[in-house]
Amino acid sequence: MRRRLLALTICITVSLNLLWAFPVQGAVDYSTMRVALSSIGTPSSVSLIVQGPYRLAGEDISLTSGAEYTLTRRGNSIMLKAGGEEWDLGGRCVFERQDASYDTGIRVCNTAYGWCHYLGNMEVRIADMGLRLINHIYLEQYLYGVVPYEMSNAWPLEALKSQAVAARTYAVRCKNPPADYDLGDTVSNQIYKGYDPAKTRCIQAVDETAGQVVAWHDAFAGTYYTASNGGRVQSTANHWGGALPYSQVKEDPYDARSDQNPHRAWMVAYNRLSVDPGLEARLIPLIQEPLSARGYRGSDIDILQIKSMEPDTPDESGRHHALSLSLMVAAKKRQGAAEETVEQPVTIGAGEIRSILGVKSLLFTLQTTDDQCILQGAGYGHGIGMSQYGARQMAEEGLPATDILAFYYPGTTV
């Protein structure tokens, strides 16, 4: 009974139809999200187009629909420019939406994603050395801009619905009223690119699951997800160190048999004697400090050979968390000195293996030959929670979103 009441309470709280906050002291309003456009950082200037009726809160400035405005930081003030006019808006301003039409919005020239259409209100504030844009938007409308970019609009509806529920649960867990915003718009949280009416299937998936979240007893579940787990689900305990009862290592036959999964198997190979220039550029920063401690100049380093490469013992999911390399390096002790060949060990931790070695996941085996180091693996990402390609396969086999969520978050309740 307690779980049923909890689920009902959560669904009511996060429902888009609830356009007001519960008048309860200390209650959190889950109906809206504050999303920082972290994809653009904090630029000194940004351009936006007002579409439909908007006003600047607290300002006697008439905004023209369809007009392009430029916001620039000048000292501790935000300067608004358009049509030869300029206004000082102080350290913070809010573009407030005046109707609920989906044609109404703020189009922002996003340097990472291109021109994006954002529903809701757009807050601009002084931050760091520039400006921070924060989109205040209803939770369900926020998901319209998440699901199409975490999955594809062409994927089966039940897979998209499982993504919508997982993304909604992740979002409400990020609510942080004391902070300036709740979450960002990149892979550090969830990719968010605003509203696109062409993403009809994703919009349908959000609408058909409106208000649904994944719960574990009296809390929102940690609905982590990954592109592909390579056929083996990873646990939070192995990856981040915090154990969750519904995050357990297990085989994933759906991910493993997905013919559509481009990450089901992959290989990366590096020459041992003629070291790849890209790999060398990524390794040198790791060995500059230890070589300097040995008296060698950090600016005069060339990696001549990968003498050895050894992974640590894999965890129960088969994933590695460290790689030990021994590098033969040409280095000098001072400018103009003779070049010496020295051996330098280096250990690459779990947080750097993927970026430095260019592998898609930590689920791999290593084979070393006389000429090459060959890494063969499967999956893309951390492997925790729901596999998106596994969810796609389950949907293609006729399983509903509830079964998909139950498989990847066992013991939880939708």
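This is a selection-by-selection tour of a predicted model.

**Whole chain**

Start with everything displayed. The protein chain has 414 residues, and buried residues make up 50% of them. Its C-alpha atoms fill a box of roughly 70 × 60 × 40 Å along the principal axes. Secondary structure amounts to 11 helices and 24 strands. Among contacts between residues at least 6 apart in sequence, 67% join residues at least 24 apart.

Colour by pLDDT next. The chain averages 91, and 94% of the residues score at least 70. Now select residues 1-26, where pLDDT stays under 50. The model has 35 contacts beyond four places in sequence for this stretch. Where pLDDT is low, the predicted coordinates should not be read in detail. Hide the segment before going on.

**The six-stranded sheet**

Show the strands of the open sheet with the order β3-β7-β10-β11-β1-β12; its pairing is mixed. Which strands stand at the edges? They are β3 (54-56) and β12 (183-184), each with a single partner strand, so one side of each has no neighbour in the sheet.

Within this sheet, pick β1 (residues 32-36) and β11 (residues 130-138). The two pair in the antiparallel sense, over five bridges. To check the register, select R34 and H136 of β11, which stand opposite each other.

**L131 and its surroundings**

Stay on β11 and select L131, which is found in that strand. Its relative accessible area is 0%, so L131 counts as buried. Expand the selection to its contacts, leaving aside neighbours within four places in sequence. One group is G41, T42, P43, S44 and V46; another includes L71, T72, R73 and I78; V124, R125 and I126 are also in contact with L131. Put a distance label between the C-alpha atoms of L131 and L71: they are separated by 8.4 Å, although the residues are 60 apart along the chain.

**Strands β4, β5 and β6**

L71, T72, R73 and I78, among the contacts of L131, lead to the next selection. Display β4 (residues 68-74) with β5; five bridges join these strands, which run antiparallel. R73 stands opposite I78 in β5. The hairpin of β4 and β5 has two residues between the strands, and G75 there takes a positive phi near 65°.

Add β6 (residues 85-88). β5 pairs with β6 as well, in the antiparallel sense and over four bridges. The bridge partner of A82 in β6 is E85. The hairpin of β5 and β6 also has two residues between the strands, and G83 in this hairpin takes a positive phi near 55°.

Is β5 (residues 77-82) enclosed or open? Five of its six residues are buried, so β5 is largely enclosed by the rest of the structure.

**N110 and its contacts**

Move to β8 (residues 105-110) and select N110, which lies in that strand. At 2% relative accessibility, N110 counts as buried because the cut-off is under 20%. What does the side chain of N110 contact? It makes a polar contact with the side chain of S39, at 3.0 Å. A polar atom of the same N110 side chain lies 2.8 Å from the backbone nitrogen of A112. Not counting residues up to four places away in sequence, N110 touches S39, I40, W115, C116, Y118 and D185.

**Cysteines**

C116, one of the residues that N110 touches, is the next selection. How many disulfides does the structure hold? The count is zero. C116 is thus listed with no disulfide, and the nearest cysteine sulfur, that of C109, is 9.1 Å away. C116 is buried, at 4% relative accessibility. Select C373 as well: this residue is buried, with a relative accessible area of 0%.

**Helix α9**

Finish at α9 (residues 350-357) and look down its axis. I353, I356 and L357 are buried. The buried residues of α9 fall within an arc of 95°, so they line one face of the helix. The face turned away from this buried side carries the exposed residues G351 and S355. Last, select G358, which follows α9 and has a positive phi near 70°.

Conventions
Residues numbered from 1 in each chain as written. Predicted model: local features only at pLDDT ≥ 70, side-chain atom pairs only at ≥ 80, totals over all residues. Heavy atoms only, no water. Buried < 20%, exposed > 50% of the residue type's maximum accessible area, 1.4 Å probe, protein only. Polar contact = N/O pair within 3.5 Å; in protein donor to acceptor, adjacent residues only side chain to side chain. Contact = heavy atoms within 4.5 Å. Disulfide = S-S within 2.5 Å. Pairing = 2+ DSSP bridges. pLDDT = per-residue confidence, 0-100. Arc of directions from axis to C-beta.
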